[in-house]
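Subject: Structure for you, with notes

Hello,

The structure you were to receive is below. My notes on it follow directly after.

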Amino acid sequence: MKLLWRGVAASVGVVAFLGLGSCGRPSLEDAKLSDRQLNLEEYFDGKTVAYGQFKDRFGTVRRRFKVEIDGAWDGKTLTLKEQFAYADGTAEVRNWSLTKTGDDSWTGTAPGVQGQATGREVGDTFNWTYTIDLPMPDGETMRVAFDDWMWLQEDGRLLNIAYMERFGVTLGEVTIFFEQRP
């Protein structure tokens, strides 16, 4: 009987642990907290700087970084040239090409992205999903999926929380603040 209860307790623990991976994710149907309207093509046209960090699934901050972004909007395509500077001294460049495919929909590509990224704007919120071969500090790459969420804040900053997964398991979160530069 004692062995049976241990098995039940272990099963409940596993189910609870697996369930945590899907808890707390935003939705485009969530109640809007402002009447602001995010327009990516306006926000990222010009210079932007961002500060962020990656926190693993256990809450440990593993990497910090700064990103300098040069954006250009030509009426259909938003080009973003991102220069990452990591606190560990490594650097990375990523160039995105985002295409507006509807009033609130986007697709995009960048080196390392598998297929196309897809996104949708609703009010002050943007959701962006993609799979990428992410460069690691040791020079290797790791294929991960991102579920990126951005919210336009009252002060004009853009808050970004990205959930990073591999094989359906959440590895951690990337938190970023974007600021427009003159």
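Starting with one residue pair: Thr-48 has Gln-180 in E10 as its bridge partner. Please keep in mind that this is a predicted model.

The pair belongs to a longer strand contact. E1 and strand E10, which covers residues 169-181, are joined by ten bridges and run antiparallel.

E1 also has a second partner. Strand E1 spans residues 46-56 and pairs with strand E2, residues 61-73, in the antiparallel sense, again over ten bridges. Within E2, the residue that stands opposite Ala-50 is Val-67. E1 and E2 form a hairpin with four residues between the strands, and Gly-59 has a positive phi there, near 95 degrees.

One general point for reading the side chains: in a regular strand they alternate between the two faces of the sheet.

As for the overall layout, two helices and ten strands make up the secondary structure of the chain. In sequence order the pattern is α-α-β-β-β-β-β-β-β-β-β-β, with both helices ahead of the strands.

Some totals for the chain:

- Burial: 36% of the 182 residues count as buried.
- Contacts: among those with a separation of 6 or more, 38% are between residues 24 or more positions apart.
- Surface: the accessible area is about 10,600 Å², and carbon and sulfur atoms account for 56% of that.

Regards

Note on methods: Residues are numbered from 1 along each chain as its sequence is written. This is a predicted model: local features need pLDDT of at least 70, side-chain atom pairs count only at pLDDT 80 or more; totals for chains, interfaces and linings use all residues. Side-chain values use heavy atoms; hydrogens and water are left out. Buried means under 20% relative accessible area, exposed over 50%, partly exposed in between (1.4 Å probe, protein chains only). Contact means heavy atoms within 4.5 Å. Accessible areas come from the Shrake-Rupley method with a 1.4 Å probe; for residues, only the protein chains shown count as cover. Two strands pair if DSSP finds at least two bridges between them.
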